[in-house]
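Hi everyone, thanks for making the time. I'd like to walk you through one chain this morning, going from a few single residues out to the whole thing and back again. Here it is on the screen.

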Amino acid sequence: MKKVIPMIIAVLLIVVVGAIAFGGKILDKYSYSKELADLDEYYGVTDASVGAEDGNLAIVLQDEMIAEQAVLKEGTVYFDLDTVQKYFNEIFYADMYEQKLLFTSAEDTFTALFGEKSYSDSEGVHGTEYTICYYTGDILYIAAEYVKQFANFSYERFDRHLQVYTEWGVKQTYEVAKDTQLRVKGGIKSPILRELEKGETVELLEQMETWSKVKTSDSVIGYVENKRLNNMSTEVETPVTSYVPAEYTTIGLDGKVSLGWHAIYGVGGNDTLDAMVAEGKGMNVIAPTWFSLTDEEGSFRSFASQQYVNKAHNYGLKVWGVWDDFNAGAEIDSYQLFAFTEKRQKLVQNMTEAAVEYGLDGINIDFEKMSGESRTHFNQFLRELSVQCRKNGLTLSIDNYVPLNSANYSRLDIQGQVADYVIVMGYDEHWGGCGEAGSVASIDYVSGGIDRTLEQVPAEKVVNALPFYTRVWKTEGTQVTDDAIPLCNIADYLKRIGKEDAAVWDETTCQNYLEWQSGDATYQIWLEDLESLRVKMNVMNARNIGGVAVWRLGYGTPAAWELVAAYAGSD
């Protein structure tokens, strides 16, 4: 018996220890963690100190924490330029060379120098209590209060984060039924973000089976047990509407545009106006190619004539002067011109003054040598030019290559906002010297260009330009050459080579196609004629776009212009 008792005691001790261990595991499994979350790590602002005047702040946009962060500097909240453009208003533009921040609306340009507490517009200089923007580490930061002058949003600053709203609607709220904790994730073992007190109101973001994702009044987002919530209600949020953008008014024509480009390469070209008008039946806009850029300083060559303008007006025509970047023989570095505000604005001023001096009705931009790195700066140029055109009653139109995909090829959406007309140059699918025989303007090329433009530009602003010419392609061995033939000369050309009745309709291109051999050479023509033009104008009519343009006057036939006049409704 004396030997049995110790054994029984040992067994009991083992059972007790096992029970305690098992109970501990059960208790640990079902007990609530008291671990506190590292808030600096949670918000990703390890360099921030609560209550400091400087540091980083996480951004809670609507109900999600985004990757971008705000900066607190001397007690003022700043966003970097990319964040401003992405979430608030993309119109903000920075000139890193002249150290200027610009915002160009429909009516004015607002300019702030880096590091200054003032900005200027057409009304003068305006002071602020804060530095509007500053540049450091290759990043431009803009004060949130300044951004609010040009965008509708609200923000509220907390210790480590910023709550930002750009949209408002109806939110669902709950009352906290009992003191509890807000946790990083749904689960009793998840670290605690902060304590929730009974009676506190939280916004419901997402409700699951036993936990809900909520946001507190100080914009901390986390999870709380459903059993701790009661008294659901809804609240209509009040939107911020303090910023009312100026309206982009349009200086358009009554009815459809019917434009003919008048190619003028010297002052003597102005004397051909009468002949061009006689040809262009139904034309209501004539666009002489008078102005060509000559340098990167805002200068251009001019063949403009007041007598021409007066006579065109007497014919009942609007005159839109054409500015191009290729006819003066100068190699223009578009980046050097448009990336510098002083040069860019000098060009705008010179163009506007010339248009007003000669009594032009509009400005037509035909800049075809734009480099990719210049696009952002060119868009700013268009914004600034549009303000001056609007102030001076000038119609602004912009010529574009056919966009080959739905991407913002030349930011057509911006052009559709700031310009009165966006012209698609619906030709040069295969261009002179390209080394590949093919159509100048097949129907898929033309209709695709129109449709992709319509994705970004209102239909009433879209004008499609037709080619009044075709190309004869000669392939000999591996060498491909071409010659352009005006529409008015095509019949004579075909008759001269004995092929006037040889062309066959091609359904793919919707053009009459002709091919023949001569010696070792193969010749091909995809004809522009009445049939091909009629198909193109049927597409244009079906899309109900804003009009038609023709390259160029002097190339047409009476029958072709009859088609144009009928399309434009002026026959």
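Let's begin at Ala-328, which counts as partly exposed because its relative accessibility is 30%. You'll find Ala-328 in the loop that runs between strand S24 (318–324) and helix H7 (334–338). And what does Ala-328 touch, if we leave out residues up to four places away in sequence? The answer is Ser-292, Leu-293, Thr-294 and Arg-301. For a distance you can check on your own screens, take Phe-300: Ala-328 is 28 residues from Phe-300 in sequence, and their C-alpha atoms are 8.2 Å apart.

Before going further, please keep in mind that this is a predicted model.

Now for the chain as a whole. Its secondary structure adds up to 14 helices and 34 strands. How does its radius of gyration compare with that of a compact globule of 571 residues? Such a globule would come out near 25 Å, whereas this chain has 35 Å. Along the principal axes, the box filled by the C-alpha atoms is roughly 135 × 65 × 45 Å. Of the 571 residues, 51% are buried. If you take the contacts with a separation of 6 or more, 66% of them are between residues 24 or more positions apart.

For those of you who care about surfaces and charges, the accessible surface is about 26,800 Å², and carbon and sulfur atoms own 49% of that. There are 48 positive and 85 negative charges in the chain, and the mean positions of the two sets lie 9 Å apart.

Next, two threonines. Thr-111 sits in strand S6, which covers residues 109–113. Is Thr-111 buried or exposed? Buried: its relative accessibility is 18%, and the cut-off is under 20%. Apart from neighbours within four places in sequence, Thr-111 is in contact with Lys-100, Leu-101, Leu-102, Tyr-119 and Ser-120.

The other threonine, Thr-509, is in a loop, the one between strand S31 (504–506) and strand S32 (511–518). Thr-509 is also buried, since its relative accessible area is 9%. With neighbours within four places left aside again, the contacts of Thr-509 are Ser-439, Ser-442, Ile-443 and Trp-526. To get a feel for the span of the model, pick Thr-509 and Ile-5: they are 504 residues apart in sequence, with 106 Å between their C-alpha atoms.

A quick word on cysteines. How many disulfides are there? The count is zero. As for individual cysteines, Cys-133 is buried because its relative accessibility is 0%, while Cys-434 is partly exposed because its value is 24%.

Now some backbone geometry, which I suspect this group will enjoy. Glu-74 has a positive phi, near 55°, and Glu-74 is not a glycine. Where is Glu-74? In the loop between strand S2 (64–73) and strand S3 (76–80). Glu-74 counts as exposed, because its relative accessibility is 61%.

Asn-231 also has a positive phi, about 55°, without being a glycine. Asn-231, though, belongs to a strand, namely S19, residues 229–236. At 51% relative accessibility, and with the cut-off at over 50%, Asn-231 counts as exposed.

Let's finish towards the end of the chain. Trp-551 and Arg-552 are joined by a cis peptide bond, with omega of about 5°. Arg-552 is part of the loop linking S34 and H14.

That brings us to helix H14 itself, residues 558–568. Which of its residues are buried? They are Ala-560, Trp-561, Leu-563, Val-564, Ala-565, Tyr-567 and Ala-568. In an α-helix there are 3.6 residues to a turn, so residues three or four places apart point the same way. The cover over the buried residues of H14 includes strand S20 (257–262), helix H5 (273–279), helix H12 (487–496), helix H13 (530–543) and strand S34 (547–551). Then, just after H14, comes Gly-569, with a positive phi of about 75°.

That's my tour. Thanks for listening, and I'm happy to go back to any of these spots.

Terms used. Residues numbered from 1 in each chain as written. Predicted model: local features only at pLDDT ≥ 70, side-chain atom pairs only at ≥ 80, totals over all residues. Heavy atoms only, no water. Helix = DSSP H or I, 4+ residues; strand = E, 2+ residues; numbered from the N terminus. Rg over C-alpha atoms; globule rule 2.2 N^0.38 Å. Buried < 20%, exposed > 50% of the residue type's maximum accessible area, 1.4 Å probe, protein only. Contact = heavy atoms within 4.5 Å. Areas by Shrake-Rupley, 256 points an atom, 1.4 Å probe, with all protein chains shown as cover. Lys, Arg positive; Asp, Glu negative; His and termini not counted. Charge placed at Lys NZ, Arg CZ, Asp CG, Glu CD. Disulfide = S-S within 2.5 Å.
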